Amino acid sequence: MEPERIAGLFDQAERKNAEFRKETYAQAFQDYLESNVVVWDMLSSVGAGDMLLREQEQAEMQAAEAFVCGARQKVDTVKGRTKREKMQYDLNLYMVSYVLPAVIAWHRRCGIREEETKRLTEMICGRWQEAFGARIRASDFESIQAGFRQKLCFVTTAVCRGLQKPQNCREILLMKRFRDGYFVRSAEGKRLIDEYYDIAPTIVKRIARDADPEEKYRYLWNTYIRKCVDHIEKEQNEQCSRLYKSMMAELKAEYMVIGKQ
């Protein structure tokens with residue numbers, strides 16, 4: 001194991017995160033995978049050959065620790081709580097959108113069994129949570145890319161799953177009308193819509209892994225969506241806009257930034 005090579009991956013985090021968008025992610029990921037072959041080869045050797053289970057677990061722990069140490073070096077270079085939290089968010093995003101999908105992709109290319117890959121990625125995620133309090137989970141490139149293509153919508157999902165409403169229900173139509181008729185008119189609104197479609201797939205998947213996702217959807221409905229619909233019907237678009245921004249901030253904090261349990 002060469003921890004310095006793993007630590008070096010984090011020098012790419014800012015640039016790669018900037019490419020984590022529907023239009024650029026596929027090519028950015030492939031470039032990232034091919035340009036860091038030495039690291040993926042090193043990680044694919046964990047558990048290879050006639051290694052005993054105890055030795056394999058130790059190797060996996062060393063790999064997980066190398067990721068934590070590399071990330072901590074980046075966080076420790078930043079001064080101020082707000083900037084450190086932003087750095088931690090950026091590293092969380094980088095891990096789930098590039099590093100872990102790349103590990104999975106390379107293991108598959110090498111013919112490594114899925115259970116061995118899962119054990120390694122779970123070790124990395126577990127150690128990451130212990131070190132930073134951030135709950136990250138491994139997804140493969142195909143799942144993330146499918147989320148971009150489908151434009152998974154956590155507002156739509158919240159209404160439909162929490163209240164058993166159809167996809168074309170009145171509330172959803174009103175929310176879409178608000179998005180396309182009011183929100184998109186401003187530069188900030190366009191930015192928030194773009195951000196929404198970038199992060200919605202990850203948020204939807206993480207809500208689905210909650211102990212009680214339906215309860216979370218009911219909470220979103222009662223706290224935000226129902227009130228937004230009421231404002232839209234009264235043509236109180238600015239009030240709806242403020243509620244929407246609050247919902248986005250809360251969901252990002254819970255599922256993207258700090259990754260609370």
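**Notebook: cavities, pocket and two helix crossings**

I began with the second largest cavity and sorted its lining by class, which gave four nonpolar, two polar and two charged residues. I keep in mind throughout that this is a predicted model.

**Entry 1, second largest cavity.** I then looked up the space itself and found that the second largest cavity holds about 40 Å³. Its lining is made by L43, V46, Q56, E60, H107, I112, E116 and L120. When I asked which elements give two or more residues to this lining, I arrived at α5 (53-75) and α7 (114-132).

**Entry 2, largest cavity.** How many cavities of 30 Å³ or more does a search of the whole structure find? I noted two, and for the largest cavity I wrote down a volume of about 110 Å³. The residues that I listed around the largest cavity are F20, V96, S97, R137, S139, I144, P201, T202, K205, R206 and R209. At least two residues of this lining come from each of α6 and α11, and I recorded α11 as the source of the largest share, namely four residues. Sorting the lining of the largest cavity by class, I obtained four nonpolar, three polar and four charged residues.

**Entry 3, largest pocket.** I turned next to the largest pocket, for which the computed volume is about 380 Å³. I noted 15 residues in its lining, and those that lie nearest the centre of the pocket are Y89, L93, E195, I199 and K252. The elements that contribute two or more residues here are α2 (13-18), α6, α11 (187-208) and α13 (237-257). Which element supplies the largest share of the lining of the largest pocket? I found that α6 does, with five residues. The class count for the lining of this pocket reads six nonpolar, one polar and eight charged residues.

**Entry 4, α3 against α6.** Since α6 had come up in the linings of both the largest pocket and the largest cavity, I looked up how α3 packs on this helix. Helix α3 (residues 25-35) and helix α6 (residues 81-109) have axes 10 Å apart and pack at an angle of about 60°, which means that α3 is oblique to α6. I recorded the crossing of α3 past α6 as right-handed. On the α3 side, the contact that I listed is made by Y25, A28, F29, Y32, L33 and E34, while α6 brings Y94, S97, Y98, V99, P101, A102, A105, W106 and R109. I note that S97 of this contact also appears in the lining of the largest cavity. By class, the residues of the contact of α3 with α6 fall into twelve nonpolar, one polar and two charged.

**Entry 5, α10 against α12.** Is helix α10 roughly parallel or roughly perpendicular to helix α12? I found that the axes of α10 (residues 170-181) and α12 (residues 213-233) come within 10 Å and cross at roughly 70°, and therefore α10 is roughly perpendicular to α12. I noted the crossing of this pair as left-handed. From α10, I listed R170, E171, L174, M175, R177 and F178 as the residues that make the contact, and from α12 I listed W221, C228, V229, I232 and E233. The residues of the contact of α10 with α12 divide into seven nonpolar and four charged, and I found no polar residue among them.

Note on methods. Residues numbered from 1 in each chain as written. Predicted model: local features only at pLDDT ≥ 70, side-chain atom pairs only at ≥ 80, totals over all residues. Heavy atoms only, no water. Axes fitted to C-alpha atoms, helices over the stretch in contact; angles between N-to-C directions. Parallel < 35°, antiparallel > 145°, perpendicular 65-115°, else oblique. Left-handed = near helix turned anticlockwise from the far one by under 90°. Contact = heavy atoms within 4.5 Å. Nonpolar A, V, L, I, M, F, W, Y, C, P; charged D, E, K, R; others polar. 1 Å grid on protein atoms, 1.4 Å probe; cavity = no way out; pocket = protein on both sides within 12 Å on 5 of 7 lines; lining within 4 Å. Points joined across faces, edges and corners; volume = space filled by probe spheres on them.
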